[in-house]
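Here are a few exercises to work through with the model open in your viewer. Try each task before you read its solution.

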Amino acid sequence: METLANLESFVKSAESASFSEAARRLSLTPAAVSRNVAMLERNLGVRLFQRSTRKLVLTEAGERFLQSIGGNLDALQTAIADVSSGASEPAGVLKVSLSPTFGAEFILPLLPELMRRHPLIRPEWHFENRHVDLAAEGYDVAIGAGFELTPGMVARTLAPAHIIAVAAPGYTAGRTLPSEPEDLSRLDGIAMRSLRTGRLRQWVMRNVAGTEKAAPLPDTIILNDPAAMREAAKLGLGVALLAVPDVLRDLENGSLIRLLPHWFADAGAISLYYVSRTLLPAKTRVFVDLVAETFSREQLAERFAGSLASEG
């Protein structure tokens, strides 16, 4: 039997989206309310809240549990049985944030297999070039690079995020190809304006020996989307500095060629981001495992590495 204190702490926290406000209403300390909710989550085997520094947000399981309670204490044991029985079965809305180009190319093709294995999962995938707040916006997973790790957030590395210089064969025909990063200054550049800062992205390239040099690519054309930059490069408008996954297919089919094959910029790592390994929902766990399994089987980490490609 679940204690009434744990259940009341959960309900008041859900209503106010705050442990502190729930504590005031229950005449308890915020620490006691937080402890009661954590104990309830542990007993049920599911996470009821996503916690951020700003507010509490109910998870899908938490919303279902709250609706089951419906303010009727007589229904509490039924609600407990309902949410506990579904804890191990992958089910419910799987809300994922991922970049449009990378997501459509490498993650979307996994959807048929995910739904075949787990038909009770309902994907809600947002293709967007921004860093979301997982807890505040209710995301189960985000895939990308450079997310700020807040308390409780987990980053599972998938592959390096290496930036390389590319151009269309037609653009390079008749031109002297650059041999060092500084030689990019002589070419037309397709520059990227950061959505977060509004500034033009500047890259420092390095080689496998660790030597670093600035890549002064002119801002002949300015765009704010990697897919648009790739297409502009394919049109022969200039050189673009793009992540390997965004241009891998084009390099393989010859519509783009890599310049400066011994040089790349390191933008960190492409990672899976989710909130806490503790009581990870089954729907999130199976998705994370499927993505990691696919990256390993198809050796995508090696194929995305600009440093390894430069050795060929």
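**Exercise 1. By about how many helical turns are Phe102 and Phe106 separated in helix α6, and what kind of aromatic pair do they form?**

Solution. This is a predicted model, so every value here is computed from predicted coordinates.
- Start with the spacing: both residues sit in helix α6, which runs over residues 100–107, and they are four residues apart, so about one helical turn separates them.
- Now look at the rings: the centres of Phe102 and Phe106 are 5.7 Å apart, with 35 degrees between the planes.
- Planes under 30 degrees apart would count as stacked and those over 60 as edge-to-face, so the pair falls in the remaining class, tilted.
- For context, the model's count comes to 10 aromatic pairs.

**Exercise 2. Find the angle at which helix α1 packs on helix α3, and classify it.**

Solution. Take the geometry, then the residues.
- α1 covers residues 4–16 and α3 covers residues 30–44; they pack at about 110 degrees, with axes 8 Å apart.
- The range for roughly perpendicular is 65 to 115 degrees, so α1 is roughly perpendicular to α3.
- On the α1 side, the contact is made by Ala5, Asn6, Leu7, Ser9, Phe10 and Ser13.
- On the α3 side you'll find Val33, Asn36, Val37, Met39, Leu40 and Asn43.
- Sorted by class, that contact has seven nonpolar residues, five polar ones and no charged ones.

**Exercise 3. Now do the same for α1 and helix α4: where do they meet, and which classes of residue take part?**

Solution. Same recipe, new partner.
- α4 spans residues 60–69; its axis and that of α1 come within 11 Å and cross at roughly 110 degrees.
- That makes this pair roughly perpendicular too.
- From α1, Leu7, Phe10, Val11 and Ala14 meet Gly62, Phe65, Leu66 and Ile69 of α4.
- The class split is seven nonpolar, one polar and no charged residues.
- Check the residue lists against each other: Leu7 and Phe10 of α1 appear in the contact with α3 and also in the contact with α4.

**Exercise 4. What volume does the largest pocket have, and which residues lie closest to its centre?**

Solution. Go from the volume to the lining.
- The largest pocket holds about 850 Å³ of space.
- It is lined by 34 residues, and Asn129, His131, Ala145, Arg201 and Pro226 are the closest to the centre.
- Several elements give two or more residues to this lining, among them β3 (92–98), α6, β6 (153–167) and α10 (226–234).
- In terms of class, the lining has 20 nonpolar, eight polar and six charged residues.

**Exercise 5. Which element gives the most to the lining of the second largest pocket?**

Solution. Narrow the candidates down.
- About 470 Å³ of space lies in this pocket.
- Of its 24 lining residues, Thr59, Glu60, Ala61, Val93 and Lys283 lie nearest the centre.
- The elements supplying at least two residues each are α4, β3 and α12 (282–297).
- α4 wins, with four residues.
- The lining splits into 10 nonpolar, five polar and nine charged residues.

**Exercise 6. How many cavities of 30 Å³ or more does the structure hold, and what lines the largest?**

Solution. Count, then list.
- There is one such cavity.
- The largest cavity contains about 50 Å³ of space.
- Its lining is Arg47, Gln50, Asp140, Tyr274, Val275, Leu280, Pro281 and Thr284.
- That gives four nonpolar, two polar and two charged residues.

Terms used. Residues are numbered from 1 along each chain as its sequence is written. This is a predicted model: local features need pLDDT of at least 70, side-chain atom pairs count only at pLDDT 80 or more; totals for chains, interfaces and linings use all residues. Side-chain values use heavy atoms; hydrogens and water are left out. Axes are lines fitted to C-alpha atoms, for helices over the stretch in contact, and angles run from 0 to 180 degrees between N-to-C directions. Angles under 35 degrees count as roughly parallel, over 145 as roughly antiparallel, 65 to 115 as roughly perpendicular and the rest as oblique. Contact means heavy atoms within 4.5 Å. Ala, Val, Leu, Ile, Met, Phe, Trp, Tyr, Cys and Pro count as nonpolar, Asp, Glu, Lys and Arg as charged, and the others, Gly among them, as polar. On a 1 Å grid over the protein atoms alone, a cavity is a set of points where a 1.4 Å probe fits but cannot get out, and a pocket is an open set with protein on both sides within 12 Å along at least five of seven lines; lining residues have an atom within 4 Å of a point. Grid points are joined across faces, edges and corners, and a volume is the space filled by probe spheres set on the points. Rings of Phe, Tyr and Trp (its six-membered ring) pair if their centres lie within 6.5 Å; planes under 30 degrees apart count as stacked, over 60 as edge-to-face and the rest as tilted.
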